[in-house]
Amino acid sequence: MISQRRESPIRKPALLLALALLLATLTGCATYRAARLPGEITQQPADGREQPQLFVGATARVVYPDGARSAGEITALTDSTFTIGRVGNFGVEGRTLTRSEITLVEMEDQASFGSVTKATLTGIAFLVVAVGVLFVTQSPFE
């Protein structure tokens with residue numbers, strides 16, 4: 001007797017979700033906005049949105065006066081200095097900077113459409129995987 005292989009009912013939605021997550025990641029969802037140190041007082045920008053304040057754990061990037069750039073995570077912060085670091089070959093490599101040493105500091109905008117989309121799709125993907133695992137473990141194999 002030839003048995004037919006039954007296709008999982010969640011296979012197509014899972015593939016579509018994986019494709020959507022891949023596309024969201026490839027579009028470079030993270031947007032950056034100019035940020036300020038805790039001790040800085042800035043003018044209200046033209047778009048009316050207040051400039052975000054840096055915080056420890058934020059993903060940020062800086063532009064130096066010579067045009068060089070660096071990016072990483074804020075690992076330490078005071079009213080006038082901050083340390084931006086990234087994981088390297090020998091642990092976390094950090095650089096402490098003052099406002100006068102940089103031209104611009106930008107922080108990842110956590111409320112941007114791209115960040116919210118990526119977080120939502122990732123959550124749905126985990127849910128689909130969990131349901132898939134439960135489905136596979138509960139269904140008898142023939």
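**Exercise 1.** Determine how strands β2 and β3 pair in this predicted model, and identify the bridge partner of valine 62 in β3.

*Solution.* Step 1: β2 covers residues 59–63, and β3 covers residues 69–77. Step 2: the two strands pair in the antiparallel sense, over 5 bridges. Step 3: within β3, serine 70 is the bridge partner of valine 62. The model in which these features are found is a predicted one.

**Exercise 2.** Follow the chain from β3 through β4 to β5, and describe each pairing and each connection.

*Solution.* Step 1: β3 pairs with β4 (residues 81–88) in the antiparallel sense over 4 bridges. Glutamate 73 has glycine 85 of β4 as its bridge partner. Step 2: β3 and β4 form a hairpin, with 3 residues between them. Step 3: β4 is joined to β5 (residues 91–98) by 8 bridges, and these strands also run antiparallel. Phenylalanine 82 has leucine 97 of β5 as its bridge partner. Step 4: the connection from β4 to β5 is a hairpin through 2 residues.

**Exercise 3.** Place the strands in their sheet and establish which of them stand at the edges.

*Solution.* Step 1: 6 strands form an open sheet with antiparallel pairing, in the order β1-β6-β2-β3-β4-β5. Step 2: β1 (32–34) and β5 each have a single partner strand, so one side of each lacks a neighbour in the sheet, and these two strands stand at the edges. Step 3: with direction ignored, neighbouring strands of the sheet are turned by 40° against each other on average.

**Exercise 4.** Decide whether threonine 83 is buried or exposed, and list its contacts beyond four places in sequence.

*Solution.* Step 1: threonine 83 is found in strand β4. Step 2: its relative accessibility is 13%. Because buried means under 20%, threonine 83 counts as buried. Step 3: leaving aside neighbours within four places in sequence, threonine 83 is in contact with Glu73, Ile74, Thr75, Ala76, Gly94, Arg95 and Thr96.

**Exercise 5.** Locate the salt bridge of the structure and state how exposed each of its residues is.

*Solution.* Step 1: the structure holds 1 salt bridge. Glutamate 106 forms this salt bridge with arginine 61, and the closest N and O atoms are 2.7 Å apart. Step 2: the pair links distant parts of the chain, since glutamate 106 lies in strand β6 (residues 104–108) and arginine 61 in β2, 45 residues apart. Step 3: glutamate 106 is buried, with a relative accessible area of 14%, whereas arginine 61, at 32% relative accessibility, counts as partly exposed. As background, side chains of opposite charge can pair when their charged atoms come close.

Key:
Residues numbered from 1 in each chain as written. Predicted model: local features only at pLDDT ≥ 70, side-chain atom pairs only at ≥ 80, totals over all residues. Heavy atoms only, no water. Pairing = 2+ DSSP bridges. Buried < 20%, exposed > 50% of the residue type's maximum accessible area, 1.4 Å probe, protein only. Contact = heavy atoms within 4.5 Å. Salt bridge = Lys/Arg side-chain N within 4 Å of Asp/Glu carboxyl O. Axes fitted to C-alpha atoms, helices over the stretch in contact; angles between N-to-C directions.
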